[in-house]
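Open the model in your viewer and keep the selection box ready. We will go from the whole chain down to single residues.

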Amino acid sequence: MITVLGRRNSANVQKVMWTLGELDLAYQRIDVGASFGYPSDYPNPVKVVPTIRDGELVVWESNACVRYLARTYGKGTLWPDDAAQLATSDMWMEWQRSDISNGFFPLFQMLIRGLPSTPEKIERCVQECARIFSQLNRQLEGRDFISGPKLGTADIAIGAMMYRYMTLPIERPALPAMEAWYQRLTTRPAYRKHVMIEYGSNVQEWAEHEKRNQGIQ
Ligand SMILES: N[C@@H](CCC(=O)N[C@@H](CS)C(=O)NCC(=O)O)C(=O)O
């Protein structure tokens, strides 16, 4: 039984939950982080979510958790036996950590989580998102998934952010390959269950949704 420490409305926790769902693994999720706080024995020195336990092993950093689960339990599915596909997944997971975190995260924080903003700052972020997601669109042209014919770890790392990008009330450029990929993700039961979770439209609604999700596995 794998234990996940992290609140359900964190996109980084959602990556892990979605991976567990795709792999059909048994898990227990415990609410940690933000309004739930951190237990004194929280086994992650950085004190962010998610953290997972598998027996004696503790893993943190969401992309490391996704890779660990895929490599350990998803050989032939989420962890293909093909070095080129794995390298492609790795590249795009690094891209998610750097470019999406820098470009999209502040936009979400300003629009939903109360980070101080101005219309100019929001517009700059919207334009930056259009630029970086055009890069993803090019990768997806002629492909069903980012690294190959099947869902892989990069789809999970980036797809967990995509629900929010596609549902924010902002202007988005037409990116047909990326939109078709997103539609493919939305047909997956584990994506619907763990990622397509309402987040509200302001700080107060965000906090209400956080409480509403308490305890849901
Ligand atoms: N690089 C880390 C980032 C983790 C992170 O910043 N998590 C956010 C939630 S998405 C967090 O812990 N925020 C503070 C909190 O929830 O208490 C990872 O990918 O796991």
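**Stop 1: the whole chain**

Show everything as a cartoon. You should count nine helices and four strands. Keep in mind that this is a predicted model. Now trace the chain from its start. The order of elements is β-α-β-β-β-α-α-α-α-α-α-α-α. How compact is the chain for a globular protein of its length? Its radius of gyration is 17 Å, close to the 17 Å that the globule rule gives for 217 residues, so the chain is as compact as a globular protein of that length. Turn the C-alpha trace around its principal axes. It spans about 50 × 45 × 30 Å.

**Stop 2: two domains**

Select residues 2-76 and colour them. That is domain 1 in the domain assignment. Give residues 83-194 another colour for domain 2. The C-alpha centres of these two domains lie 21 Å apart. Twelve residues from domain 1 and 13 residues from domain 2 form the contact.

Which helices of domain 1 supply at least two residues each to the side that touches domain 2? They are helix 1 (11-23) and helix 2 (62-73). Helix 1 gives the largest share of that side, with eight residues. Sort this side of domain 1 by class and you get five nonpolar, four polar and three charged residues.

**Stop 3: helix 1 against helix 2**

Hide the rest and keep helix 1 and helix 2. Two packed helices are described by the angle between their axes and the distance between the axes. Here the angle is about 10 degrees, and the axes are 8 Å apart. Angles under 35 degrees count as roughly parallel. Helix 1 and helix 2 are therefore roughly parallel to each other.

Show side chains next. On helix 1, pick Asn12, Lys15, Val16, Thr19, Leu20 and Leu23. On helix 2, pick Ser62, Cys65, Val66, Leu69, Ala70 and Tyr73. These residues make the contact. Eight of them are nonpolar, three are polar and one is charged.

**Stop 4: around the ligand**

Now select the shell around the ligand. Start with Ser10, Ala11 and Asn12, which are among its residues. Add Gly33, Ala34, Val48, Val49 and Pro50, also part of the shell. Finish with Glu61, Ser62 and Asn63 from the same list. Helix 1 and helix 2 turn up again, each supplying at least two residues of this shell. By class, the shell has five nonpolar, five polar and one charged.

Two residues of this shell deserve a closer look. Zoom in on Pro50, in the loop between strand 2 (27-30) and strand 3 (51-54). What kind of peptide bond joins Val49 and Pro50? The bond is cis, with omega about 5 degrees. Then move to Ala34, which is also found in the loop between strand 2 and strand 3. Its phi is near 50 degrees, a positive value in a residue other than glycine.

**Stop 5: helix 5 against helix 7**

Bring the full chain back. Select helix 5 (residues 119-140) and helix 7 (residues 176-185). They pack at an angle of about 75 degrees, with their axes 7 Å apart. That makes helix 5 roughly perpendicular to helix 7.

Which residues of helix 5 make the contact? Look for Phe133, Leu136, Asn137 and Leu140. Facing them from helix 7 are Ala177, Met178 and Trp181. This contact has six nonpolar residues, one polar and no charged.

Terms used
Residues are numbered from 1 along each chain as its sequence is written. This is a predicted model: local features need pLDDT of at least 70, side-chain atom pairs count only at pLDDT 80 or more; totals for chains, interfaces and linings use all residues. Domain bounds come from an automatic or database domain assignment. Two residues are in contact if their C-beta atoms, placed from the backbone, lie within 7 Å. Ala, Val, Leu, Ile, Met, Phe, Trp, Tyr, Cys and Pro count as nonpolar, Asp, Glu, Lys and Arg as charged, and the others, Gly among them, as polar. Axes are lines fitted to C-alpha atoms, for helices over the stretch in contact, and angles run from 0 to 180 degrees between N-to-C directions. Angles under 35 degrees count as roughly parallel, over 145 as roughly antiparallel, 65 to 115 as roughly perpendicular and the rest as oblique. A residue is near a molecule or strand if its C-beta atom, placed from the backbone, lies within 6 Å of it. The radius of gyration is taken over C-alpha atoms; the globule rule is 2.2 Å times the number of residues to the power 0.38.
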